[in-house]
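This report describes a single protein chain and the side-chain arrangements found in its model. The sequence and the structure come first, and the text follows.

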Amino acid sequence: MKRPETSGPAASFASTGSGADPADPAVAPAAGLDGIPRQRPLAVARVRVAVAEAAPAAAAAESPPATAGSARPLPVPVPLRRVRPWRLFPTPTGTPFTFGYAVVLAVTSLVAEYADPDLVDRVLQASSTDVAHLAQSPVRVLVASALWIAGGLTSAYVIAFLLVLTALERRVGGWRTAGVFLLGHGLATLATEIPVGLSVLAGHLPESSLHRYDYGISFGVATSVGALAGLLRPWLRWTVLAVFGWMVLGDLIVFTDPMTNWGHTMALAIGMATWPLLRRVSSRTTTGTRETPRTARACP
């Protein structure tokens, strides 16, 4: 049935009174409501426009610039790590403990080289960590014996001292490095001298063994080598332990000074016993994160 046509003012109002184009689908008459246009979804339209404008801008910002005629983005250059060989040696600001200790050892070595031989002999005898001195003043002789280098500045332990303690201090700090060095120096000395005293009491060694010369930094350096190995990458760790262990075992096979050689072996084991503690400390001080010691990079 045809709907009656409207005419006159009513028809004029229905066609033009709303001010909208009837051809616009957004304002097409709703079913059952002839002549009443639907409202524009202004809020939804604005959100859609904003999203449509923001998406190309975000995509353009995330995509790196590409060369003409190439669809692939340019690779981002990775900055090369600078090689700084001077960090292998101690410095006053970077490694104050190792640097200060090295200066003291240099002075005492020059004194032992150029001072009066009789004076040097008396000083070294007073600094010896033999059984007699350990029984009288253990703390004093343990500290004094660590101020001298057996063999002077030409000893191989001088280079080992500089490289190993510098690397260890850069990873765990000066106080902990001093603690590791003194721990190995003291424990290895006691572990080698106490059996000597017991052997003298048992009559297996002469009484002169209570006053033998025993001084130097070798026990502390061996402990530091063992401690540092636990902070290195696996391939470097086992290389250091293999090389130093072979040197120690070679001295034991030659058997020229068995007590000192066994002391080096025990000192190396003491340093390796500090791995759990030093690894936790190194992972915090080197990376500044909670990164595990296995993945933490500790570079000199």
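Which residues do ring pairs link into a cluster? The cluster consists of Phe97, Tyr101, Phe161 and Phe181. The model in which this cluster appears is predicted.

**Overall fold**

The protein has 12 helices and 0 strands. Read from the N terminus, its elements run α-α-α-α-α-α-α-α-α-α-α-α. Of its 300 residues, 33% count as buried. Among contacts with a separation of 6 or more, 69% join residues that are 24 or more positions apart. The exposed area of the protein is about 19,200 Å², and carbon and sulfur atoms supply 68% of this area.

**Aromatic pairs**

The whole structure contains 6 aromatic pairs. In one of these, the ring centres of Tyr101 and Phe161 are 5.2 Å apart and the planes stand at 90°, so the pair is edge-to-face. This pair links distant parts of the chain, since Tyr101 belongs to helix α3 and Phe161 to helix α7, 60 residues apart. Tyr101 and Phe161 are both buried.

Tyr101 also pairs with Phe181: the ring centres are 5.3 Å apart and the planes lie at 85°, so this pair is edge-to-face as well. Tyr101 is in helix α3 and Phe181 in helix α8, so the pair ties together parts that are 80 residues apart in sequence. Phe181 is buried, as is Tyr101.

**The salt bridge**

How many salt bridges does the structure hold? It holds 1 salt bridge. Its partners are Glu193 and Arg212, whose closest N and O atoms are 3.7 Å apart. Glu193 lies in helix α8 (residues 174-202) and Arg212 in the loop between α8 and α9 (218-229), so the contact ties together parts that are 19 residues apart in sequence. In general, side chains of opposite charge can pair when their charged atoms come close.

Is Glu193 buried or exposed? Glu193 has a relative accessible area of 1%, and it is therefore buried. Arg212 has a relative accessibility of 23% and so counts as partly exposed.

**Helix α9**

Helix α9 has 12 residues and spans 17 Å from its first C-alpha to its last, close to the 16 Å expected at 1.5 Å a residue. Why is α9 described as largely enclosed by the rest of the structure? The reason is that 12 of its 12 residues are buried. Among them are Ser218, Phe219, Val221, Thr223, Val225 and Leu228.

Gly226 is another residue of helix α9. Its relative accessible area is 0%, so Gly226 is buried. Leaving aside residues up to four places away in sequence, Gly226 touches Leu268, Gly271, Met272 and Trp275. The C-alpha atoms of Gly226 and Val180 are separated by 9.9 Å, with these positions 46 residues apart along the chain.

**Helix α7 and the loop before α3**

Leu163 is located in helix α7 (residues 156-172). With a relative accessible area of 34%, Leu163 is partly exposed. Leu163 contributes to a nonpolar surface patch of about 340 Å², together with Leu88, Phe89 and Ile159.

Arg171 also lies in helix α7. Arg171 has a relative accessible area of 3% and is therefore buried.

Arg87 is found in the loop between α2 (42-62) and α3 (96-114). Arg87 has a relative accessibility of 23%, so it counts as partly exposed.

The table lists C-alpha separations for Arg87, Arg171 and Gly226.

| Residue pair | Distance along the chain | C-alpha separation |
|---|---|---|
| Arg87 and Ala167 | 80 residues | 8.3 Å |
| Arg171 and Leu231 | 60 residues | 8.1 Å |
| Gly226 and Val180 | 46 residues | 9.9 Å |

**Summary of the arrangement**

Helix α3 is joined to helix α7 through Tyr101 and Phe161, and to helix α8 through Tyr101 and Phe181. Helix α8 also supplies Glu193, whose partner Arg212 is in the loop between α8 and α9. Helix α9 itself is largely enclosed by the rest of the structure.

Methods
Residues numbered from 1 in each chain as written. Predicted model: local features only at pLDDT ≥ 70, side-chain atom pairs only at ≥ 80, totals over all residues. Heavy atoms only, no water. Helix = DSSP H or I, 4+ residues; strand = E, 2+ residues; numbered from the N terminus. Buried < 20%, exposed > 50% of the residue type's maximum accessible area, 1.4 Å probe, protein only. Patch = residues over 30% accessible without salt bridge, like charges linked within 9 Å, V, L, I, M, F, W, Y side chains within 5 Å. Areas by Shrake-Rupley, 256 points an atom, 1.4 Å probe, with all protein chains shown as cover. Salt bridge = Lys/Arg side-chain N within 4 Å of Asp/Glu carboxyl O. Expected span 1.5 Å × (residues − 1). Contact = heavy atoms within 4.5 Å. Phe/Tyr/Trp six-rings, centres within 6.5 Å; stacked < 30°, edge-to-face > 60°.
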